[in-house]
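Reader: I am new to reading structures like this one. Could you walk me through a few features, giving the general idea before the case at hand?

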Amino acid sequence: MLAKGSLLFFLVLWMSGCSTTSLDRAIEPDNQWHSGQLSNGLRYHFKHVEGKALSLRMRVHVGSLQEDDGQQGYAHFIEHMAFQGGRHFQRHQAVDFFAQQGVLFGEGLNASTDYHYTIYKLDLPEHYHWQSGLRWFRDIGDGLSLDHYAVEREKGIVLSEHRLKMPEPKPYSLQAYEAIIHETPFSNAHALGTHSSISNLTAASLRAFYHTWYQPQLTDITLVGDLTLEQVQASIESLFGNWRQGATPRPDFVSLERRELADFVAQITIDEAQSFSVVLLRDETTIGTFEQRYRVWQEALLRRLIAQRLESERYARDIPHVEVAVTDMALFRRKLDVVDVVFTEDDRQTASQMTMQVLAQLRDYGVSEAELQTALLFVREAIETQPMHPSDIADEWLRAHRDNQIIQSPQQRQADLDEFFRRQIQRNVNRAMNFYLSNPMMLSTSVSELANRDARLRDLAVWRSAYEMQSPMPLQVTASSDVTHPATYGEIVSSKWLADNMTLWQLGNGVEAIYIQDPSMAANVHMTMAALGGLAALPNEQLAAGNAAADVLMLSGVDKLAGAHALSFLHQRGITVTPFIQHTQHGVEIKANAYNVADALAITHHLLTSPRLDEPVLTLVKNQLSQEVVDYAETPFGQLNHAMVKNVFSEGGFYDLIAAEEYQQLTLHDIESVHQSLFTTPFKWVIQANLPQQEMASLLKRYIATIPMVSLEKVAFDLPLNDQFASYLSVKGDRPDSALVMMDFQSTQRSLYDLQTLAADQLLLQVVKQRLFNTVRNREGLDYAPNALLLSPDSGGVDLWQLYAKVTPNDAEQVEVVFGEILTSLRQGITEKELQRARAHLHTKLDNASVEDLRQQIMRYWLHFDSYAVGFKPRYLIDSITVDDLNRRANQVFGIGTKQVTTVLEAK
């Protein structure tokens with residue numbers, strides 16, 4: 001065992017298993033980045049990336065640290081005004097123009113303000129309008145109008161954002177953050193300012209601040225896309241060359257000093273869960289040498305190892321519903337690592353003590369070789385993955401500059417990665433873990449009532465004292481490798497070629513599987529199996545069991561492996577097998593790699609054919625779900641949603657509210673009945689991997705085709721609606737500073753739901769969101785983030801739509817009126833321009849879809865519409881919808897015959 005924080009770490013870490021590579025050599029910058037500067041001081045950065053998409057960023061060196069007394073929130077307010085109009089783009093024209101190109105405000109078109117910078121972001125799906133993006137940036141630079149009426153109108157939106165992000169009482173998470181920055185330059189410089197400073201702001205004072213800080217020598221422009229350097233230089237010079245240089249110098253970056261942090265206890269709000277955190281304030285984020293890069297990579301490995309051990313330990317201690325996260329962030333050029341554990345009050349002592357004991361044991365005894373190899377598999381994939389999309393590349397450039405890091409040349413980076421992984425032998429990693437966990441740390445935990453604060457502080461002192469002592473040798477949970485594999489093989493009765501890399505197989509037991517052989521998956525194997533049914537296929541008396549079954553099935557274990565051993569077996573191999581039961585479908589998500597996919601499928605085979613059902617696990621799940629029911633009912637949104645559900649639906653459907661008592665009455669027989677009803681029916685599979693087709697076919701024949709299947713009777717997905725509903729409902733809550741307003745719409749015309757209707761709904765949702773944004777936010781200034789939701793599950797049998805906004809209590813009636821205006825306008829018609837904008841936005845989302853999105857997309861169309869082919873090319877379906885189709889659908893959803901319910905949560 002090494003002494004804690006042993007200096008031997010420095011002497012042997014790099015020597016053991018070392019190579020000839022020097023650790024202190026400088027990093028070679030990526031020479032694909034080109035930088036320049038105009039005579040007025042404006043700087044620009046460009047990287048050529050092939051493809052249609054193009055990303056632009058404008059960064060101004062002004063944030064909340066540049067604000068004087070009385071100016072709090074000014075930098076952020078100007079960020080808002082950038083979307084209100086300027087020299088080239090009048091009021092909201094920039095938002096409208098880029099929306100026509102498929103760029104939605106808040107996603108591809110956005111901005112942010114922090115302590116040091118204000119950054120404007122524009123991600124174009126096609127690069128044709130990149131010069132319009134630069135023209136908008138020039139408007140921001142010195143062409144914003146900032147007129148009195150626009151400023152006054154925007155105050156409501158900014159104050160709404162302040163209420164949303166800085167609520168009273170303060171959330172525990174915000175209090176913990178403020179404790180970390182306490183008595184630093186950041187402690188009284190929140191970017192959102194104060195209610196008073198924003199309310200008292202004038203157009204004249206804002207213009208003065210704007211002209212002081214928006215100057216070319218304080219500005220950087222970043223472009224990433226398929227352009228030439230000559231094109232970029234010419235356009236930057238043309239559009240920004242005559243911007244007059246100012247006299248304000250670039251402010252220095254203010255870093256967070258490394259210091260001791262006092263332990264911290266604070267009260268949670270009604271919306272928050274209990275938690276315990278270990279915070280390590282660490283080195284500077286600077287990366288300029290291989291040694292600094294090496295440490296960043298190795299710390300990622302250490303965090304993964306800590307998370308793995310905590311995950312295994314929580315199952316070993318029978319607290320599987322405790323949630324564990326180990327994260328890192330850069331806070332003002334200082335590394336901040338957080339071990340965070342979320343729990344119920346009953347698990348507080350066990351979860352908190354477990355966390356400190358695990359950290360102490362990792363510090364003193366390190367990790368096993370098996371743990372190391374599992375972690376290396378995950379970390380290699382994470383750090384070898386490089387940003388490919390222009391948006392990610394542009395953001396990486398800005399982060400690197402902010403954190404004082406050099407973006408490394410791809411060739412040298414790959415060589416350094418190879419060197420790094422050669423050095424990750426168990427002895428080296430355990431020495432690094434010892435040093436890492438010997439750093440000063442802050443302990444923090446939450447309380448429900450301030451009266452318990454002193455007791456929790458005493459707990460922290462006891463746990464800290466125990467941590468500083470030698471820890472006992474850990475008793476590792478080791479999983480048996482004796483997972484039984486089927487001895488026989490089933491058959492594939494038919495095979496259909498779909499495309500060069502896609503095949504459809506029909507198995508002898510009725511299972512169908514689409515295999516997508518995708519080189520981008522590398523060693524990963526991701527599978528989704530699903531069937532129609534879900535909660536809708538269960539009788540009303542089994543709904544509680546349906547909500548509990550997935551957790552009980554997984555936590556009880558499989559085959560010879562009881563709960564903790566099964567979960568440890570999966571975790572050590574990097575396998576996840578996750579059953580799910582949703583409203584109208586059910587199935588299993590499986591993630592593994594090429595080396596252990598047989599084990600993953602063997603686990604799945606046992607889960608479907610002979611699940612273990614454990615009484616203590618059932619008790620654990622019952623208690624967890626019962627507590628969640630109680631906790632959710634106390635939250636503002638829970639109160640609102642409960643009132644809405646009881647008002648809208650009659651009893652007997654899968655939206656029924658489950659009482660805590662119903663969970664407590666569950667038996668293992670109830671869970672077994674749900675399993676028998678849902679998990680013995682033929683499933684559809686969508687598989688993504690890079691295995692040869694013959695190998696994947698052999699796996700399916702052994703592990704899936706040998707499962708006996710029984711067809712599920714056709715499910716009626718109709719939802720029983722309450723004919724005696726109240727059209728207006730007022731619910732009293734505990735938030736005096738805000739009111740939640742929901743307007744729900746139900747239509748029973750969904751019986752003819754088909755692919756065209758689905759596509760029309762996707763487009764209609766974008767139109768409704770845009771109208772909400774234009775009226776509730778832009779015109780009235782009532783809410784920072786109003787939203788619209790389509791709540792109907794696929795195959796759900798009824799239309800369920802919802803508009804909602806969070807406003808001040810005095811504005812609740814006004815937002816109801818505005819919702820009514822939107823409803824009337826939708827009945828009057830949707831324009832071709834709105835359709836084109838919605839279509840362009842959906843195109844952008846499809847173009848940026850991940851491999852995970854593709855698998856889910858194919859399954860959705862195949863399962864609910866028996867049309868897997870649409871999942872491969874959904875763009876054609878979106879483009880087939882005309883404006884007449886969209887208006888017909890709008891009248892079905894929001895027409896005269898639609899049931900309308902307004903529910904308001906307001907202060908008592």
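Author: Gladly! Let us begin with burial: a residue is called buried when its relative accessible area is under 20%, exposed when over 50%, and partly exposed in between. Please keep in mind that this is a predicted model.

Reader: Which residues of helix α20 are buried?

Author: In α20, the buried residues are V617, L618, V621, K622, Q624, L625 and S626. A general idea helps in reading such a list: an α-helix has 3.6 residues a turn, so residues three or four places apart point the same way.

Reader: What covers the buried residues of α20?

Author: Their cover includes three helices: α17 (543-555), α22 (660-664) and α23 (668-678).

Reader: How far apart should the ends of α20 be, and how far apart are they?

Author: The expected span of a helix is 1.5 Å times one less than its number of residues. Helix α20 covers residues 615-634, and because it has 20 residues it should span 28 Å; the C-alpha atoms at its ends are 29 Å apart, which agrees.

Reader: What happens at the start of α20?

Author: There, D614 has a side-chain oxygen that comes within 3.1 Å of the backbone nitrogen of V617. V617 itself sits in helix α20, and it counts as buried because its relative accessibility is 11%.

Reader: Which residues does V617 contact beyond its sequence neighbours?

Author: Contact here means heavy atoms within 4.5 Å. Once neighbours within four places in sequence are set aside, V617 is in contact with V552, L555 and S556. Sequence and space can also be compared directly: V617 and M554 are 63 residues apart in sequence, while their C-alpha atoms are 9.6 Å apart in space.

Reader: Let us move on to helix α21. How many of its residues are buried?

Author: Eleven of the 13 residues of α21 are buried, so the helix is mostly covered, with buried meaning under 20% relative accessible area. Among them are P636, G638, L640, H642, M644 and V648. The buried residues of α21 pack against α20 and four strands: β21 (728-733), β22 (739-747), β24 (799-807) and β25 (899-907).

Reader: What do the span and the start of α21 look like?

Author: With 13 residues, running from 636 to 648, α21 should span 18 Å; its end C-alpha atoms are 18 Å apart, which agrees. At its start, a side-chain oxygen of T635 lies within 2.9 Å of the backbone nitrogen of G638.

Reader: Now for empty space inside the protein. How many cavities of 30 Å³ or more does a search of the whole structure find?

Author: A cavity is a space where a 1.4 Å probe fits but cannot get out. The search finds two cavities of 30 Å³ or more. The largest holds about 50 Å³ of space, and the second largest about 40 Å³.

Reader: Which residues line the largest cavity?

Author: Its lining is made up of H80, F83, Q84, H92, V95, F105, E154, F773, R777 and N778. By class, that lining has four nonpolar, four polar and two charged residues. Helix α25 (residues 755-779) gives the most to it, with three residues.

Reader: And what lines the second largest cavity?

Author: Its lining residues include A82, F83, Q84, F89, W136, D139 and L144. That lining divides into six nonpolar, four polar and one charged residues.

Reader: Back to single residues: is D147 buried or partly exposed?

Author: D147 is partly exposed, because its relative accessible area is 32%. It lies in the loop between α4 (130-142) and α5 (148-165). Setting aside residues up to four places away in sequence, D147 touches A203 and R207.

Reader: What about G225: where does it lie, and what does it touch?

Author: G225 is part of strand β6 (residues 219-225), and it counts as buried because its relative accessibility is 0%. Beyond residues up to four places away in sequence, G225 touches F46, K47, H48, V49, A53 and L54. The C-alpha atoms of G225 and V49 are separated by 4.7 Å, though their positions lie 176 residues apart along the chain.

Conventions:
Residues are numbered from 1 along each chain as its sequence is written. This is a predicted model: local features need pLDDT of at least 70, side-chain atom pairs count only at pLDDT 80 or more; totals for chains, interfaces and linings use all residues. Side-chain values use heavy atoms; hydrogens and water are left out. On a 1 Å grid over the protein atoms alone, a cavity is a set of points where a 1.4 Å probe fits but cannot get out, and a pocket is an open set with protein on both sides within 12 Å along at least five of seven lines; lining residues have an atom within 4 Å of a point. Grid points are joined across faces, edges and corners, and a volume is the space filled by probe spheres set on the points. Helices (H or I, at least four residues) and strands (E, at least two) are DSSP runs, numbered from the N terminus. Ala, Val, Leu, Ile, Met, Phe, Trp, Tyr, Cys and Pro count as nonpolar, Asp, Glu, Lys and Arg as charged, and the others, Gly among them, as polar. Buried means under 20% relative accessible area, exposed over 50%, partly exposed in between (1.4 Å probe, protein chains only). A polar contact is a pair of N or O atoms within 3.5 Å; within protein, one must be able to donate a hydrogen and the other to accept it, and residues adjacent in sequence count only if both atoms are side-chain atoms.
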